[in-house]
Each structure stands twice: as structure tokens, then as C-alpha cells.
Amino acid sequence: SLGRSYYTPGASRASIISFRERNYTLNGAVLAATGITDHEAFCRMVEEEFPSAGASSGAPPAAAAKAEYLGGEARLATSADYALVALAFEGPTSAPMMNVLKHCLNMSGGASAFASPGVMGVYGGGAPGSAAETVDALSKAVTSAPSADVVARAKAAAKAEALNALDGGSKSLADAMTASVLDSCGFSAKALGESYDAISEADVKKAYEGMMMSKLSLAAVGDITSVPYHASIASRFA
């Protein structure tokens, strides 16, 4: 769903090695760390540990094609007495905006939201016979545009979540630091908070509309006999 497959029947050992030498380098890499008391010593250690992983020695890689979110469907039937369903869409590239949208969806009611770099959506579950109702609830949660009040509360919740992560040195903090460095080549708690304050209701509306215009991904697991198929659900967002 996140892009075209890397698998190819024509790959050889030589082509794989060539690909690795061109692409698996430290050019453009970001190393995020917390709790470092001696920054200079840490930088020297990194340089010593990666002495030969700097610039690529081979030919420059070909210009990368623009990423394309393809959507898709994955269904896993089991003997479980429940049906779990998730609907996903392409998410915004901005991490703060992604988090605000996630909280907007959480506040819509009837669904739980999730977000991961490049993708976001809602999920829910219930008895197999109520799978259609579950899909209806998820679809309603996604198609209900957030009000100004919801946007304001979602911004506050997302900002608090991001700032609270500073205390725990969590994965979400590392993600925030990496995203910040990639966007502006710097990171600070002040800048992190300001990145959320700068998001307007109009920005959220635009990002929400962009998400809704992307292709749908559907995942279902359990007793999925009554779970509608991708095409019938996707037509609701056309």
C-alpha cells in the first residue's frame, strides 16, 4: 500500500551489491540522541565507529521517482469470534500535522486513530455479524470534518503529547527530533511547541482534504465473512 514492491526476479548478487554501495551510505543520514553529556566526545565516537560509511564511492544514484501511495487491501480470515477492521489513507509529510489529524480522528467518536510516517487512519472491531456496522462507524469518523473546537482541542493534545515525550526519551521523541532535523536542520523544545502553535484551522482542513483524496487501504482480520470489500468501501470516499 505504501509503494511499489522492491522485489524483482532479475536481481543478481552484483546488482544488489551495487545498489547497497550507492544507497546505504551516511549521506543525508540523521542521528538523533538524548541524554548526551559530552557532545564532542559523542561525535568523535560516531566518526570512529563509521569511518568508511561516509560518501558513496560509486556513481550517484538515479533521481528518485516521487513516492506514490497506492492503497490496497489485506484480509486475513481466522477462526476468531471477532472482526477487526482498519481504514488507512496517505498522511501529511509534516509530523506535527500528522499528530493533530490523529487526535482529530480520535475525537470524532466511534473509532480509534493511528498514525505512522506516511500513513494514518482509523480502526475498530466487534462481533462478526456487526462488521458492516463497524465499517459504517469508521467511514463516518473519517468523513466527518473536524470542527474548530475539535481542531483546537486536538492541537492542544498533540502538543502536550509531543512535549511530554521530551521527559521520557521515547521513540516518539526520536521521531520528532529526526523530523525536525530533516525539516530545518535543527531541534529544540521551543521550536517543537511552536510547530504546533503555527498550525491553523485552515491548515488542518487542507491536510484533511488531502488525506481524503488519497487512495484507501483496507485491512481486516478475524471472522471477516461480513466485512465489505475494498471497492465498495472506497466508493464512499470517491
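A residue counts as buried under 20% relative accessible area, as exposed over 50%, and as partly exposed in between. The exercises below apply this and related criteria to a predicted model.

**Exercise 1. Determine whether R153 and D149 are buried, partly exposed or exposed, and describe how they interact.**

Step 1. R153 has a relative accessibility of 40%, so it counts as partly exposed.
Step 2. D149, with a relative accessible area of 48%, is likewise partly exposed.
Step 3. A salt bridge requires a side-chain nitrogen of Lys or Arg within 4 Å of a carboxyl oxygen of Asp or Glu. The closest N and O atoms of R153 and D149 are 3.1 Å apart, and the two residues form a salt bridge.
Step 4. Both residues belong to helix α5 (residues 148-168), where they are 4 residues apart, about one turn of the helix.

**Exercise 2. State which helices are joined by the salt bridge between K159 and D197, and how exposed each residue is.**

Step 1. The side chains of K159 and D197 form a salt bridge with an N to O distance of 3.0 Å.
Step 2. Because K159 lies in helix α5 and D197 in helix α7 (residues 189-197), the pair ties together parts that are 38 residues apart in sequence.
Step 3. K159 is partly exposed at 25% relative accessibility, and D197 is partly exposed at 47%.

**Exercise 3. Locate the salt bridge between E194 and K190 and classify both residues by exposure.**

Step 1. The closest N and O atoms of E194 and K190 are 2.5 Å apart in this salt bridge.
Step 2. The two residues are 4 residues apart in helix α7, which means that about one helical turn separates them.
Step 3. E194, at 40% relative accessibility, counts as partly exposed, whereas K190, at 60%, counts as exposed.
Step 4. A search of the whole structure finds 7 salt bridges.

**Exercise 4. Describe the strand order of the sheet, its edges and the pairing of β2 with β5.**

Step 1. The open sheet has 5 strands in the order β1-β5-β2-β4-β3, with mixed pairing.
Step 2. The edge strands are β1 (72-77) and β3 (112-116); each has a single partner strand, so one side of each lacks a neighbour in the sheet.
Step 3. On average, neighbouring strands of this sheet are turned by 15° against each other, direction ignored.
Step 4. Strands β2 (residues 83-90) and β5 (residues 217-222) pair in the antiparallel sense over 6 bridges. The bridge partner of A86 in β5 is A219.
Step 5. Helix α4 (residues 131-143) lies across β2 and β4 (119-126), and runs at about 145° to β4.

Technical notes
Residues numbered from 1 in each chain as written. Predicted model: local features only at pLDDT ≥ 70, side-chain atom pairs only at ≥ 80, totals over all residues. Heavy atoms only, no water. Buried < 20%, exposed > 50% of the residue type's maximum accessible area, 1.4 Å probe, protein only. Pairing = 2+ DSSP bridges. Axes fitted to C-alpha atoms, helices over the stretch in contact; angles between N-to-C directions. Contact = heavy atoms within 4.5 Å.
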